[in-house]
Amino acid sequence: MPDVETYPPPPEFAARAHVGPGVREAADADPLGFWAEQAARLQWDRPWDTVHDDRDWPTARWFDGGRLNVAVNCLDRHLDAGRGGKVALHWEGEPGDRRTVTYAQLHEQVQRLANGLTELGVGPGDRVVLYLPVLVETVVATMACARIGAVVSLVFGGFSADALRFRVADTGATVVVASDGQFRRGAAVPVKAAVDEAVAGLDHVAHVLVVRRTGDDVPWTAGRDVWWDELLERQPAEHPAPSFPAEHPLFIVYTSGTTGRPKGLVHTSGGYLTQASWTHWALFDARDDDVYWCQADLAWVTAHTYVLYGPLSNGTTQVIYEGSPLTPHPGRHFEVIERYGVTTYYTAPTLVRTFMKHGPQLPAGYDLTSLRLLGSVGEAINPEAWRWLHEHVGGGRCPVVDTWWQSETGAAVVAPLPGQTPSKPGSATLALPGMAVAVVDEDGRETKPGVEGNLVITRPGPAMARTVWGDHDRFVRSYWAPYADRRWYLAGDSASRDEDGYVWIGGRIDDVLNVSGHRLSSIELESALVSHPRVAEAAVVGAPDDVTGQRIVAFVITRAGGDDDSGLAEELRAHVAARVGAVAKPREVVVVTDLPKTRSGKIMRRLVADMTAGRTGGDTTSLTDPASMGAVESAWTEHRRTSSGA
Ligand code: PRX
């Protein structure tokens, strides 16, 4: 908990902010009344009977009895209000191509695709997997699924065919939507062949719908594969939207847990949209003339809530950008902010630290005066990066909203209200209205100020996940069992609170890594490594990194048990990329002859992680062989010496 200065909300910002004084107190006094008021911001086809029902705890039901259509809330509503001509999306492709789409145009595309998906046999409750870059079509596809009540699951384009296959199989999807290829750091790379590999033999996949992006030739399976353009062309431009129950599933988002199997978190409609919509409006102080840009890839939960459902429900004009932030030059984001007059920029600490390496002259080369608010998500933002963002990007005048949340919570939980909450760089501040968190020890006692404990959500919001797809027990075990007597949700992060009650997030308490704001599971990466013929055992840890927060270091025992082989690291990196995806490649591979294990044979990753972070004095008493750490330490020292070129 660093000793930092406090930044009060800028007075001129506070004077006209959406959320004024007293909102948090009023919500604390009547949380359900607060959420009912926020749900009323949406358009319901049938009002709800109960705001919150926890008879099926830990699965909550919100706005039960109510019916709505999420896509109608994100599109039709704005057209009905005469705002069809307003720009919904300024899309910018990585090669520099651009497209501007109004709400009316987006609405028409969504209706055509809703009809098209129906033609392909997709109905309410069926699953559709999207494996697409950041394209207008990706937004159209999510909205079309919502319109017909299909459950969408977006898979990051940087994941491998294997990772895609797992998600397609786990959801039992009937349609996969993919592109012919995608642009990645200046190059067009093929995608369709990987999709074919991913769906091979999965009989539930009736169709692969293909969006043309790179224009390259693709392998084609007649009868199964369908071109997006051809499907849409033959559809009527109108689709009457049915309504669905508030608890109808909307999407499944996969995230890493503590086993090798990613968890598919299920989010539902009415409660999720209520919290997504209200938090977007409140945290980003969303205004009609804003040009809002959340730079996350659409497949991550951040963009589900703060590109797709939240901002569209508020009728916001957004920028979406397909490519890498550093292509073709490191100022690309600033160029985009200047071009569209972006007012609101929601980014990630790892990117801020990347920009910092280029120095303040990088943002200084652009006109960023349109900005009025900045946001951060994905990991704790270190105070230096917070100040740099505030000063060099925000010109010292923009509030910085550090939002703590998770795939599980569906929307922000701990964050400052920009016109209300004084910020302390590095702290996500306080729980938002209508929710409550605590920092507690194993017995559920609140820790004293400054003392680390487990972050728990004592009063979750309506966007909280309802279950893990196909594995409700895992949902109960992972999150709710540890504090079941109090019905608290265990977030998996350590944290402490200061004298003002501000929350300071520490690291994960489990074996989940956070690399550039992406969650990866140690065990999933270890399983990928040991599936390589040359690897006998592996321990994967996150070592501290100045730019990416953590970097992946893999300690491996080779089957030959032999010496380092200089080709091995590259081979294993490629192997992990093929099994999981390029995001999961270990930065460093260290060959060791032993790993610290408990008597039950469990690898003590914590000791290895402590070593890479330069922490000493970890408890080694439960090790089978206390000398094993010595072998790992000397291999690490040798590795550091050779890799630093000393
Ligand atoms: O460890 C916390 C970190 O990211 C985890 C959630 O990851 P994911 O489900 O992928 O969702 C990321 C985007 C919402 C959390 O358990 N995290 C996220 N935001 C913050 C954060 N840690 C500190 N401060 C944040 N603002």
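**Exercise 1. Determine in which loop Asp285 lies, and establish whether this residue is buried or exposed.**

Solution. Asp285 belongs to the loop between α10 (270-283) and β16 (291-294); helices (H or I, at least four residues) and strands (E, at least two) are DSSP runs, numbered from the N terminus. The model is a predicted one, in which local features need pLDDT of at least 70 and side-chain atom pairs count only at pLDDT 80 or more, while totals for chains, interfaces and linings use all residues. Residues are numbered from 1 along each chain as its sequence is written, and side-chain values use heavy atoms, with hydrogens and water left out.

The next step concerns the backbone. Phi of Asp285 is near 45°, a positive value in a residue other than glycine. As to accessibility, Asp285 has a relative accessible area of 1% and is therefore buried; the term buried means under 20% relative accessible area, exposed over 50%, and partly exposed in between (1.4 Å probe, protein chains only).

**Exercise 2. State what phi Phe63 has, and describe where Phe63 lies.**

Solution. The phi angle of Phe63 is near 60°, which is positive although the residue is not glycine. Phe63 is part of strand β2. With a relative accessible area of 0%, Phe63 is buried.

**Exercise 3. Locate the cis peptide bonds that precede Pro58 and Pro328, and place each proline in its loop.**

Solution. Trp57 and Pro58 are joined by a cis peptide bond with omega of about 5°. Pro58 sits in the loop between β1 (50-53) and β2 (61-64). The bond from Thr327 to Pro328 is also cis, and its omega is near 0°. Pro328 is found in the loop between β17 (317-321) and α12 (332-340).

**Exercise 4. Describe the surroundings of Glu338: which residues does Glu338 touch?**

Solution. Glu338 is located in helix α12. Its relative accessible area is 40%, so Glu338 is partly exposed. Leaving aside residues up to four places away in sequence, Glu338 touches Tyr366 and Asp367, where contact means heavy atoms within 4.5 Å. The side chain of Glu338 reaches the backbone nitrogen of Asp367 at 2.6 Å. Finally, the C-alpha atoms of Glu338 and Thr369 are separated by 8.3 Å, the two residues being 31 residues apart along the chain.

**Exercise 5. Characterise the interface of domain 1 and domain 2: what area is buried, and which side chains meet in a salt bridge?**

Solution. First, the bounds: domain 1 covers 103-239 and domain 2 covers 516-642, as given by an automatic or database domain assignment. Their C-alpha centres lie 37 Å apart.

Second, the extent. The size of an interface is often given as the accessible area lost when the parts come together. Here about 450 Å² is buried between domain 1 and domain 2, and carbon and sulfur atoms give 52% of this area; buried area is the accessible area (1.4 Å probe) that two parts lose on being put together, summed over both. Of the area that domain 1 buries against domain 2, Phe159, Ser160 and Asp162 supply 61%, more than any other three residues. In terms of contacts, 6 residues of domain 1 meet 7 residues of domain 2.

Third, the charged pair. The count between the domains is 1 salt bridge, defined as a side-chain nitrogen of Lys or Arg within 4 Å of a carboxyl oxygen of Asp or Glu. The side chains of Arg579 and Asp162 meet in a salt bridge at 3.3 Å, N to O.

Methods
Polar contact = N/O pair within 3.5 Å; in protein donor to acceptor, adjacent residues only side chain to side chain.
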